[in-house]
Amino acid sequence: MSPDPHLRSLRDAYARYATGVAVITTLTPAGTPVGLTVNSFSSVSLDPPLVLWSLMQSSASLPVFCEASRFAVNVLADDQHHLSTRFASRSEERFAGIDWTPGLGGVPLLRDCLAQFECTTHSHVEAGDHLVVLGRVHRFEHRDGAPLLFFASRYAELRRELASATAA
């Protein structure tokens with residue numbers, strides 16, 4: 001069965017929205033670290049501090065994240081393309097050789113990220129072929145640097161910053 005050209009076109013249209021890249025991490029009930037690359041991360045609320053990200057319903061990691069009470073969002077810098085690629089792979093050894101430290105509840109925090117948000121799971125919302133995960137931020141940190149970007153289904157680079165503006 002050939003792919004629906006309308007869906008391919010819709011996916012291409014979605015890809016015109018530039019996003020940052022993050023690795024979401026958690027632990028299995030046995031304490032094994034789990035992580036995956038997303039470009040669906042977003043802030044939701046300052047009071048209370050909430051974030052969201054989404055995961056495909058077909059993901060092998062879905063059961064782990066559905067059961068996890070905690071997770072971390074590791075926002076990648078432009079020199080961390082290797083982490084994005086590693087955690088987007090189907091390898092079960094994604095953490096092999098990766099430098100990380102335990103955060104709240106032991107959840108893995110990757111080194112040298114632009115920002116990190118340590119969260120408890122607030123709720124899940126089924127949305128089409130994805131599960132939207134909302135988390136309450138309990139601890140965070142950030143540093144200066146350029147982000148790893150994703151645009152038109154490939155990695156992109158921030159070339160310049162425009163004058164600041166107030167977003168809605």
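Where along the chain is the place of R94? R94 sits in the loop between α3 and β7 (100–102). Please keep in mind, as you look around, that this is a predicted model. The tour below starts with an open sheet of seven strands, moves on to the largest pocket, with about 1900 Å³ of space, and a second largest pocket of about 590 Å³, and ends with three buried residues, T28, A72 and R94.

**The sheet**

- Seven strands form an open sheet with antiparallel pairing, and their order is β3-β2-β6-β9-β10-β5-β4.
- The edge places belong to β3 (33–38) and β4 (42–46); each has a single partner strand, so one side of each is left without a neighbour in the sheet.
- On average, and with direction ignored, neighbouring strands of this sheet are turned by 35 degrees against each other.
- At one edge, β4 pairs with β5 (residues 49–56) in the antiparallel sense, over four bridges.
- Within this part of the sheet, S45 stands opposite L50 in β5.
- Helix α3 (residues 81–88) packs on the sheet, where it touches β2 (22–27) and β3. The direction of α3 makes about 110 degrees with that of β3.

**The largest pocket**

- About 1900 Å³ of space lies in this pocket, and 43 residues line it.
- Nearest the centre of the largest pocket are T37, V38, N39, M56 and H130.
- At least two lining residues come from each of α1 (5–14), β3, β5 and α3.
- The edge strand β3 supplies the largest share of this lining, six residues.
- By residue class, the lining of the largest pocket holds 21 nonpolar, 16 polar and six charged residues.

**The second largest pocket**

- Here the volume is about 590 Å³, with a lining of 22 residues.
- F41, S42, S43, V75 and F117 lie nearest the centre of the second largest pocket.
- Two or more lining residues come from each of β1 (19–20), β4, β5 and β9 (115–127).
- The other edge strand, β4, gives the most to this lining, with five residues.
- The lining of the second largest pocket divides into 15 nonpolar and seven polar residues, with no charged ones.

**Three buried residues**

- T28 belongs to the loop between β2 and β3. Its relative accessible area is 18%, so T28 counts as buried, the cut-off being under 20%.
- Neighbours within four places in sequence aside, T28 is in contact with V34 and V64.
- A72 lies in strand β6 (residues 70–75) and is buried, with a relative accessible area of 1%.
- Although A72 and I24 are 48 residues apart along the chain, their C-alpha atoms are separated by 5.6 Å.
- Not counting residues up to four places away in sequence, A72 touches V23, I24, T25, V107, P108, L109 and F117. Among these, F117 is also one of the residues nearest the centre of the second largest pocket.
- Back to R94: is this loop residue buried or exposed? R94 is buried, with a relative accessible area of 15%.
- R94 touches G35, L36, S61, R86, F87 and S89, again leaving out residues up to four places away in sequence.
- From C-alpha to C-alpha, R94 and P33 are 8.9 Å apart in space, while 61 residues apart in sequence.

Technical notes. Residues are numbered from 1 along each chain as its sequence is written. This is a predicted model: local features need pLDDT of at least 70, side-chain atom pairs count only at pLDDT 80 or more; totals for chains, interfaces and linings use all residues. Side-chain values use heavy atoms; hydrogens and water are left out. Two strands pair if DSSP finds at least two bridges between them. Axes are lines fitted to C-alpha atoms, for helices over the stretch in contact, and angles run from 0 to 180 degrees between N-to-C directions. Contact means heavy atoms within 4.5 Å. On a 1 Å grid over the protein atoms alone, a cavity is a set of points where a 1.4 Å probe fits but cannot get out, and a pocket is an open set with protein on both sides within 12 Å along at least five of seven lines; lining residues have an atom within 4 Å of a point. Grid points are joined across faces, edges and corners, and a volume is the space filled by probe spheres set on the points. Ala, Val, Leu, Ile, Met, Phe, Trp, Tyr, Cys and Pro count as nonpolar, Asp, Glu, Lys and Arg as charged, and the others, Gly among them, as polar. Buried means under 20% relative accessible area, exposed over 50%, partly exposed in between (1.4 Å probe, protein chains only).
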